[in-house]
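Work through the exercises below with the sequence and the model side by side. Try each task before reading its solution.

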Amino acid sequence: MKLPHHLTIKDHHLCIGGHDCVRLVQEYGTPLYVTSEDRVCEQFLHYKEALSHQYPKVQVLFAAKANGNLALMRVLAQLGAGADVFSAGELHLALEAGMRPEKLLFNGSSKTPADLKLAVEKGVKISVDSLDELHQLDAIARAAGTIAKIGFRVNPALEVPTHPKIATGLATSKFGIPHEKIPAAYAEALACKNVKPVGIHCHIGSQILDVEPFVRAAEVMVRIAKELTHMGVQLEFVDLGGGLGIPYHHDTDPAPTPEDYAKKVVPVFKAGMAACGITPELWVEPGRFLVADSTVLLTRVNSTKMTHKSFANVDAGFNLLIRPAMYDSYHEVIVAGNADAATTTECTVTGPICETGDILAPDRKLPKFALGDILAVLDTGAYGYAMSSQYNSRPRCPELLIKGSQVALMRRGETIADITGTMLRPPWQR
Ligand code: LLP
């Protein structure tokens with residue numbers, strides 16, 4: 001199996017950043033998320049440089065929803081990243097990580113007045129999703145005695161080759177304002193006293209392995225930018241969103257690179273902006289590409305059994321990685337202590353959750369393994385821990401970070417006390 005270079009095999013053991021996964025588990029237990037910091041840095045710089053090569057004013061905003069661990073966000077902040085934040089919580093994390101407010105975009109399709117107030121107070125730009133939101137924001141900025149800088153989220157009505165649950169710019173999607181109604185929305189914004197439109201934003205979906213849909217989106221955004229410029233909007237940024245996918249099937253999926261994206265998409269953007277006579281910043285919001293393959297989820301085999309087929313029951317389920325259950329997503333599985341052996345066993349890897357759908361990996365060909373062995377589930381750095389839960393009252397597992405020869409927890413494991421700690425006893429039960 002093709003592996004990214006931070007994953008290697010030494011003496012038949014899978015290593016991440018040079019650290020033996022079986023050893024890590026001996027020290028930290030299972031389940032365990034393990035992330036290579038160096039890989040995250042490498043992916044960020046790769047993305048940033050590929051685009052900057054084509055256009056001088058590029059801003060990479062990390063999609064914080066993909067992985068909200070402060071240790072990673074801090075590293076990205078130090079490399080100059082901004083962030084796409086989709087909640088007050090993500091905004092707090094981005095600021096605490098040291099990201100500068102002018103590099104943040106507050107996104108969201110259903111913001112509360114408190115969200116809008118926070119965004120105004122922190123001076124971050126806001127991607128407005130509806131006219132209702134525009135007018136609430138105008139009033140909130142007026143009360144704060146300030147002017148909020150905004151863009152609208154454009155729905156470009158584009159079909160994209162991905163799972164339907166993660167296509168976000170279809171004509172039927174809940175996000176944004178239909179592209180044909182966008183000029184009218186900006187006209188309304190221009191008439192507001194405490195809102196200043198300075199950008200436009202779109203995001204067409206996630207895990208997209210073909211760059212053509214991004215080209216189509218850029219074409220829509222260029223067309224809109226021209227109309228807006230004629231209307232007198234001074235565009236400071238055009239945000240093309242995130243969505244570049246990674247090859248989950250390591251040997252067979254296409255693996256478009258940031259260079260492929262940059263070479264096809266940026267010229268469309270550049271020519272369009274030149275035609276408008278403007279040079280706004282080009283913003284992009286990758287999440288998955290920056291962090292997905294940096295991380296493995298290590299899980300112990302609690303038991304194996306043969307019924308109508310062979311099962312491996314492991315200690316991580318959809319409480320820790322919901323993507324296979326939610327999107328039928330494919331994650332490579334490696335027997336961490338027998339990583340390069342021939343695949344001889346067909347088995348389905350299932351979690352400990354009381355649900356039939358708690359399957360991490362159906363019908364896989366794996367090398368021989370037994371009770372007590374460690375399986376590594378790959379490509380779990382994006383939307384893995386970020387979407388975890390305490391379902392079945394299972395405390396969440398720790399997250400470990402590796403940098404060169406150093407290893408440290410970047411999040412401790414939860415305990416039962418973390419689960420019961422927020423529960424209150426109603427007075428009549430005392
Ligand atoms: N910008 C916006 C406005 C977004 O909504 C998203 C993701 C991104 C950027 C980052 O997209 P990325 O580069 O990571 O594809 N939980 C799903 C993915 C949901 C993505 C939602 N929005 C999964 O596990 O596949």
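**Exercise 1: Two residues with positive phi**

Q207 is found in the loop between β11 (195-201) and α8 (212-231), where helices (H or I, at least four residues) and strands (E, at least two) are DSSP runs numbered from the N terminus. The model is a predicted one, in which local features need pLDDT of at least 70, side-chain atom pairs count only at pLDDT 80 or more, and totals for chains, interfaces and linings use all residues. Residues are numbered from 1 along each chain as its sequence is written, and side-chain values use heavy atoms, with hydrogens and water left out.

Task: find the sign of phi at Q207 and at D328, and decide whether Q207 is buried or exposed and whether D328 is buried or exposed.

Solution. Begin with the backbone: Q207 has a positive phi of about 50 degrees although it is not a glycine, and D328, in the loop between α11 (323-327) and β16 (333-335), has a positive phi of about 55 degrees, again without being a glycine. As background, most residues other than glycine have a negative phi, and most peptide bonds are trans. Next take the accessibility, for which buried means under 20% relative accessible area, exposed over 50%, and partly exposed in between (1.4 Å probe, protein chains only). With a relative accessible area of 12%, Q207 is buried, whereas D328, at 68%, is exposed.

**Exercise 2: A side chain that reaches Q207**

Task: which backbone oxygen does the side chain of T162 reach, and which residues does T162 touch?

Solution. First locate T162, which lies in the loop between β9 (148-155) and β10 (177-178). Its side chain reaches the backbone oxygen of Q207 at 3.3 Å. Leaving out residues up to four places away in sequence, T162 touches A167, S206, Q207 and I208, where contact means heavy atoms within 4.5 Å.

**Exercise 3: The surroundings of S294**

Task: describe where S294 lies, which polar partners its side chain has, and which residues it is in contact with.

Solution. S294 belongs to the loop between α10 (288-291) and β14 (295-306), and it is buried because its relative accessible area is 0%. Its side chain reaches the backbone oxygen of V291 at 2.6 Å, and it also makes a polar contact with the side chain of T295 at 2.9 Å. A polar contact is a pair of N or O atoms within 3.5 Å; within protein, one must be able to donate a hydrogen and the other to accept it, and residues adjacent in sequence count only if both atoms are side-chain atoms. Setting aside neighbours within four places in sequence, the contacts of S294 are H6, I16, V34, T35, S36, R39, V40 and G381.

**Exercise 4: The sheet that contains I16**

Task: in what order do the three strands of the open sheet stand, and which residue is the bridge partner of I16 in β3?

Solution. The open sheet has the order β1-β2-β3 with antiparallel pairing, and two strands pair if DSSP finds at least two bridges between them. β1 (7-10) and β3 (19-20) are at the edges with a single partner strand each, so one side of each has no neighbour in the sheet. Strand β2 (residues 13-16) is joined to β3 by two bridges, and the partner of I16 in β3 is H19. In the loop between β1 and β2 sits D11, which is exposed, with a relative accessible area of 63%. The C-alpha atoms of D11 and D340 are 9.0 Å apart, although 329 residues separate them along the chain.

**Exercise 5: Helix α5 and its two partners**

Task: at what angle does α5 cross α6, and at what angle does it pack with α4?

Solution. The axes of α5 (residues 113-122) and α6 (residues 131-143) come within 10 Å and cross at roughly 50 degrees, which makes α5 oblique to α6. Helix α4 (residues 88-96) packs with α5 at an angle of about 20 degrees, their axes being 10 Å apart, and these two are therefore roughly parallel. Axes are lines fitted to C-alpha atoms, for helices over the stretch in contact, and angles run from 0 to 180 degrees between N-to-C directions; those under 35 degrees count as roughly parallel, over 145 as roughly antiparallel, 65 to 115 as roughly perpendicular, and the rest as oblique.
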